[in-house]
Amino acid sequence: MKWIHKLLKYFSFSAVLFTFEACYGTMEDYGYGYDVAIQVIDNEGNGIPNVEVTACHAKWGDKFFADTTGPSGMAFIKGHLVSDNEIDHLKFKFKPLENAEFQAKDTVIGNERLMSSSTFTVILDHK
């Protein structure tokens, strides 16, 4: 009877370890990361503050990271791409929070562009 009890403890402990590794595993060593600076401007080249910039999965819409532009219109996105097969494009959404005079905008950026450039400029149109 003691060996059954020890066997059950072993399986319970291994199940907890498996769950912990699956949820909180070594993702830092798998895939690669990116740091992107995005400047949101108007047609005259002026930075637009208070624009929410969100990075989402292009197909499923899973949100990765969001930031709000500062006074100069800059937002900084830090993310982690798992692999080219799982995430090949990111969709960036630009939603003005207080500047109702600008239209929201969506754009899709591929991994190649994210890895080759660290700064992007996006122009929002007036309503």
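Trainee: Leaving aside neighbours within four places in sequence, which residues is Val-40 in contact with?
Mentor: This is a predicted model, so contacts here are read from predicted atoms. Close neighbours in sequence, up to four places away, are left out for Val-40. The contacts of Val-40 are then Asn-46, Gly-47, Ile-48, Val-51, Val-53, Thr-69, Gly-73, Phe-94, Val-122 and Leu-124.

Trainee: How many residues does the largest nonpolar core have?
Mentor: Val-40 is among the residues with the most contacts inside this core. Ile-38, Val-53, Phe-92, Phe-94 and Leu-124 are named with Val-40. In soluble globular proteins, nonpolar side chains tend to be buried together. The number of residues in this core is 18.

Trainee: Which strands each supply at least two residues of the largest nonpolar core?
Mentor: Take the strands in order along the chain. β1 covers 32-41 and β7 covers 119-123, and both are on the list. The full list is β1, β2, β4, β5 and β7.

Trainee: Along β5, which side chains point to one face and are buried?
Mentor: The side chains of β5 alternate. His-89, Lys-91, Lys-93 and Lys-95 point to one face and are not buried. The other face takes the buried ones: Leu-90, Phe-92, Phe-94 and Pro-96.

Trainee: What is the strand order in the open sheet of 4 strands?
Mentor: The pairing in this sheet is antiparallel. The edge strands are β3 (63-68) and β6 (105-110), each paired on one side only. The twist averages 20° from one strand to the next. The order reads β3-β2-β5-β6.

Trainee: How many bridges join β2 to β5?
Mentor: β2 spans residues 51-57 and β5 spans residues 89-96. The two strands run antiparallel. Glu-52 stands opposite Lys-95 in β5, and Thr-54 stands opposite Lys-93. The count of bridges joining β2 to β5 is 7.

Trainee: Is Thr-54 buried or exposed?
Mentor: Thr-54 is found in strand β2. Beyond four places in sequence, Thr-54 touches Lys-63, Phe-65, Ala-66, Lys-91, Phe-92 and Lys-93. Its relative accessible area is 7%, which means that Thr-54 is buried.

Trainee: Which residue forms a salt bridge with Lys-91?
Mentor: A search of the whole structure finds 1 salt bridge. Side chains of opposite charge can pair when their charged atoms come close. Here the closest N and O atoms are 3.8 Å apart, and the partner of Lys-91 is Asp-106.

Trainee: How many residues apart in sequence are the parts that Lys-91 and Asp-106 tie together?
Mentor: Lys-91 lies in β5 and Asp-106 in β6, so the pair ties two strands together. β5 and β6 also pair in the antiparallel sense over 6 bridges. In β6, the bridge partner of Lys-91 is Val-108. The separation in sequence tied by the salt bridge is 15 residues.

Trainee: What relative accessibility does Asp-106 have?
Mentor: Lys-91 is partly exposed, with a relative accessible area of 25%. Asp-106 counts as partly exposed too, because its relative accessibility is 45%.

Trainee: How far apart in space are Phe-76 and Val-53, C-alpha to C-alpha?
Mentor: Phe-76 is found in strand β4 (residues 74-81). Beyond four places in sequence, Phe-76 is in contact with Val-36, Ala-37, Phe-65 and Asp-67. Phe-76 and Val-53 are 23 residues apart in sequence. In space, C-alpha to C-alpha, the distance is 8.7 Å.

Trainee: What is the phi of Asn-50?
Mentor: Asn-50 sits in the loop between β1 and β2. Asn-50 counts as partly exposed, at 26% relative accessibility. Although Asn-50 is not a glycine, its phi is positive, about 60°.

Technical notes: Residues numbered from 1 in each chain as written. Predicted model: local features only at pLDDT ≥ 70, side-chain atom pairs only at ≥ 80, totals over all residues. Heavy atoms only, no water. Pairing = 2+ DSSP bridges. Axes fitted to C-alpha atoms, helices over the stretch in contact; angles between N-to-C directions. Contact = heavy atoms within 4.5 Å. Core = buried A, V, L, I, M, F, W, Y, C linked by side-chain atoms within 4.5 Å. Buried < 20%, exposed > 50% of the residue type's maximum accessible area, 1.4 Å probe, protein only. Salt bridge = Lys/Arg side-chain N within 4 Å of Asp/Glu carboxyl O.
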